[in-house]
Amino acid sequence: MNKKTLNEIDYYRIREEISSYCLTQEGKYSLENRDPLFDLEKIEFYKDCSREWTKFISSVKNQPFSSWEPIHNLYAIIKTRGAALSLEQVRALGLFILSVKKVKESIANHQVELELKVLPAKVEELPDLEDSEKKIFRIITNDGELRDLPEILAIRSQIASLNQKIKNIMRSFTSNPKLANVLESSVPVLRGNHQVLAVKSNQQNKIPGIIYEFSQTGQTVYIEPDEAVRCSNELLQKEHELEVEIKRILTELTQSLGPSIPLFKQALPIMELFDTTYAAARWGIEKKCIYSLPLEKDQAPLLLAARHPLLGDKAVPIDIRFMAGKRILIITGPNTGGKTVSLKTFALLAMLNQTGFPIPAAEATSLPIFSNVFADIGDDQSLDQSLSTFSGHMKNIAQAVNAANSTTLILLDELGSGTDPQEGSAIAMSLLDTLIEKKSFVLVTTHQGVLKNYGYTNPACINASVEFDAGTLSPSYHLMMGVSGESHALDIAQKSGLPKVIVQKARSYIASEQVDVSTLIKGLNQKHLELDKLKNQVDSELKQLEERSIKLKEKEIENKRREHELKAGKQQELNDFLIHTRRQLENLVRSLKEGQLTKDKTKGVKNFISDLEKNVDKFEEKFEAEEEKLEKAQAELEKLVKSQRSHTSNKKTKKKMSNAEALKYASIQNQGMENLAEIKAKGKQASSQLKFQEGAQVISKSTGAQGQLIQAGKKGYWQVQFGSVKMTVKEKDLSLLESNNAVENKASYTFELSSKEVGGNIITEKESARPVFELRLLGMHVDEALKALEKQLDLCALYNFTNFSVIHGKGDGILQQAVSDYLSHSSLVKSFEFASADDGGTGKTYVSLL
């Protein structure tokens with residue numbers, strides 16, 4: 001990347017600001033040396049890490065890891081034979097290990113709750129430093145202090161004893177009343193790490209010892225008594241022994257950490273990654289940032305509500321919208337209106353995005369990845385290099401053009417200025433033609449009217465302008481896409497204090513053509529404001545719809561929660577009922593076991609069973625009442641929905657017919673309706689004669705299985721024979737059928753109207769017989785029975801029916817043998833066998849089909 005341009009767009013200032021949020025010096029150093037990347041995968045990885053840290057910070061109060069002092073420079077010391085780490089360096093390693101341990105625990109504790117994916121994957125790469133942790137914290141405490149090891153404790157005890165002995169010696173002198181006139185002070189003083197007595201110079205011979213120094217006046221001499229001298233010498237020896245022992249311990253520790261160097265080298269880059277991405281997340285939260293989306297193929301860059309980070313709360317959000325096939329953005333408008341800031345904002349946020357940082361913009365922002373960025377901003381005039389303003393601009397532009405390609409971002413501020421306006425405009429247009437050919441992304445600011453027209457006429461360009469308030473003669477700093485802006489030089493000059501006469505005369509010099517152009521620009525600006533107002537209105541309505549959608553979802557969740565609570569309450573009620581019943585039953589059994597079976601006990605058992613049945617019936621009645629209530633509500637809802645649909649969408653396309661066609665259609669329809677009415681009347685008459693009784697044929701509403709009622713159970717229940725299976729079913733879950741003969745012989749009718757039919761009856765008859773679970777052949781002749789069996793097999797093949805049974809009876813065995821012979825030669829039959837003894841034995845055959 002072009003370092004000069006990165007500096008001009010304030011990239012390094014923002015990077016340094018973000019690095020200040022790091023918890024460690026090593027993380028800060030790593031971040032300060034990270035430049036914009038060109039690898040999209042790596043960029044998205046950094047952003048994904050910061051995204052997950054953002055979720056962590058928003059939900060968890062504690063820091064995920066702690067700080068540590070730099071450790072990368074300790075590897076060389078550990079490798080050096082005989083070298084020893086200092087206590088501070090050992091503590092740095094210990095803090096690093098504790099930080100690794102803490103981040104593992106933090107991510108593991110919140111991984112599921114926060115739906116973290118990237119951070120846990122990196123945590124898995126952290127090595128196990130438990131062995132090094134034990135070695136280090138056996139020697140030091142968490143505060144970095146040396147522990148009282150046995151070998152250390154003995155020496156420290158001796159040192160403490162000698163210090164106490166010296167204090168006692170000094171106290172013996174200072175508390176002696178005979179020496180009151182000899183001592184200047186009754187408190188010992190410290191000179192050269194030795195405790196000494198302040199003695200009057202004319203009395204120094206009364207205290208034998210070593211003189212350390214005299215006072216400035218010469219009136220006081222500082223003496224260490226002979227008894228204290230011997231103790232001090234011994235104390236120095238013990239302190240030296242302590243230093244030697246500590247160094248021996250640290251040396252041994254340093255050597256033992258040698259094999260762990262690869263583990264520290266493996267862990268440090270991961271921890272630096274955590275520190276840098278965590279810092280970016282903290283900065284992003286404070287600056288109300290988002291993470292840019294990667295730009296899809298053929299998608300135009302989109303920057304929404306972008307704010308320059310250095311402007312803080314003063315920043316006015318701007319939108320920069322490129323369009324497909326348009327990579328040149330020409331920004332015009334008054335001076336101090338924010339044109340240059342717009343250029344810098346786009347480039348700066350693009351580079352921050354490529355570094356993996358969040359950016360101060362709105363959601364849905366999507367930015368491309370640039371391989372390089374060039375800028376010609378400001379005045380590069382140089383006396384040393386004999387460069388004029390124009391020459392400085394041309395040098396920067398030449399460098400950008402020579403390096404330009406389809407992934408280059410180029411910023412050109414005040415293009416075409418600094419020389420003759422006509423020649424400057426010609427150079428500017430030629431330059432833009434070249435950059436269009438190279439498909440570079442270019443942001444241009446200018447006051448040249450020719451370039452405004454160039455932006456309108458060239459399909460690869462987009463015009464934009466900074467908004468100007470004509471009432472206050474001041475810029476609003478909003479960027480308006482799609483329209484050029486006036487420079488308002490005369491208005492600004494008058495506001496800045498230029499005499500009104502000069503401004504009026506300047507206006508008279510402006511050609512009428514230019515006035516017309518200004519009027520056109522004002523009209524375009526007004527249209528743009530109207531479009532913005534309409535867009536804001538649409539956005540507001542969309543926001544309201546989104547809020548309603550969220551409320552509906554919240555209501556749905558609340559309903560599900562209430563449903564769950566109701567189910568839990570019902571379950572608890574049932575559990576309480578079962579527990580109470582079980583206790584009663586246990587008491588009843590215990591009563592029966594104790595003593596003889598009496599009439600009262602028998603009556604008690606019967607009463608218990610009767611009460612139990614009543615309670616169960618109450619539960620079922622209560623449940624059925626709730627179910628009927630729900631079904632009624634559902635029916636009303638469906639009726640309402642159907643009614644609404646009939647009002648909105650029940651419009652049939654009508655085809656105009658001739659009189660003959662209409663007459664024919666009416667006669668056909670009347671004939672069909674008469675037949676339909678006759679069939680419905682017969683159906684109603686037949687259904688009115690059916691009722692639930694033993695032997696009646698029924699069909700299950702839920703499964704469609706046909707069966708026969710065997711006997712009535714308790715209220716509302718029937719025992720039903722479905723093939724070889726007997727079941728107890730609710731009466732409301734069954735539908736009555738006609739007898740078998742009626743079922744086999746009945747026909748259903750449909751009416752079909754064809755616009756191509758010229759003559760003949762349009763009513764067709766179709767048989768609607770279905771296979772049965774149990775085929776009854778009793779009382780039939782062999783021919784009739786085999787025809788019925790053949791029909792059953794055909795229907796089974798048609799409806800994919802794989803199992804049924806045949807009741808042929810035993811008798812003389814003729815019908816049984818005929819059925820067996822037919823089944824054995826049928827290609828549809830997989831196997832067949834007689835039923836079990838309790839289900840008919842040899843009078844019934846089970847059939848399985850392929």
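## A strand with two faces

Arg321 is partly exposed, with a relative accessible area of 31%, where buried means under 20% relative accessible area, exposed over 50%, and partly exposed in between, for a 1.4 Å probe and protein chains only. The model described here is predicted, so that local features need pLDDT of at least 70 and side-chain atom pairs count only at pLDDT 80 or more, while totals for chains, interfaces and linings use all residues. Residues are numbered from 1 along each chain as its sequence is written, and side-chain values use heavy atoms, with hydrogens and water left out.

Arg321 belongs to strand β7 (residues 318–321), along which the side chains alternate: Ile318 and Ile320 point to one face and are buried, whereas Asp319 and Arg321 point to the other and are not. Helices (H or I, at least four residues) and strands (E, at least two) are DSSP runs, numbered from the N terminus. Asp319, with a relative accessibility of 26%, counts as partly exposed, and this residue forms a salt bridge with Arg321, with 3.7 Å between the closest N and O atoms; a salt bridge is a side-chain nitrogen of Lys or Arg within 4 Å of a carboxyl oxygen of Asp or Glu. Strand β7 pairs with β6 (residues 302–306) in the antiparallel sense over 3 bridges, pairing being assigned if DSSP finds at least two bridges between two strands. In this pairing, Leu302 stands opposite Arg321.

## The chain as a whole

The chain has 850 residues, of which 36% count as buried, and its secondary structure comes to 23 helices and 25 strands. Its accessible surface comes to about 51200 Å², with 52% of that belonging to carbon and sulfur atoms; accessible areas come from the Shrake-Rupley method with a 1.4 Å probe, and for residues only the protein chains shown count as cover. Among contacts (heavy atoms within 4.5 Å) between residues at least 6 apart in sequence, 66% join residues at least 24 apart.

Ser50, in helix α4 (residues 40–59), offers an example of a buried position, with a relative accessible area of 0%. Leaving aside residues up to four places away in sequence, Ser50 touches Thr277, Ala280, Ala281, Tyr291 and Gly356.

## A four-stranded sheet and its helices

An open sheet of 4 strands has the order β1-β2-β4-β3, with antiparallel pairing. Its edge strands, each of which pairs on one side only, are β1 (189–191) and β3 (209–214), and neighbouring strands of the sheet are turned by 45° against each other on average, direction ignored. Between β1 and strand β2 (residues 194–200), which run antiparallel, there are 3 bridges, and Val189 stands opposite Val196 in β2.

Helix α9 (residues 150–174) packs on this sheet, where it touches β2 and β4 (220–225), and its direction makes about 10° with that of β2. Axes are lines fitted to C-alpha atoms, for helices over the stretch in contact, and angles run from 0 to 180 degrees between N-to-C directions. Helix α10 (residues 226–256) lies across β2, β3 and β4, and runs at about 65° to β4.

## Salt bridges

Side chains of opposite charge can pair when their charged atoms come close. A search of the whole structure finds 20 salt bridges. In one of them, the side chains of Glu245 and Arg248 meet at 2.3 Å, N to O. These two residues are 3 apart in helix α10, and they are therefore separated by about one helical turn. Glu245 counts as buried at 16% relative accessibility, whereas Arg248, with a relative accessible area of 32%, is partly exposed. Both residues also take part in a network of salt bridges that links Glu151, Glu245, Arg248 and Glu252.

A further salt bridge brings together the side chains of Arg776 and Glu774, at 3.2 Å from N to O. Here Arg776 counts as partly exposed at 38% relative accessibility, while Glu774 is buried, with a relative accessible area of 18%.

## A nonpolar patch on the surface

Leu531, Leu534, Val538, Leu542 and Leu545 form a nonpolar patch on the surface, with about 460 Å² of accessible area together. Patches are made of residues with over 30% relative accessible area and no salt bridge, like charges being joined within 9 Å and nonpolar side chains (Val, Leu, Ile, Met, Phe, Trp, Tyr) within 5 Å. Among the members of the patch, Leu545 is placed in helix α18 (residues 512–593), and at 48% relative accessibility Leu545 counts as partly exposed.
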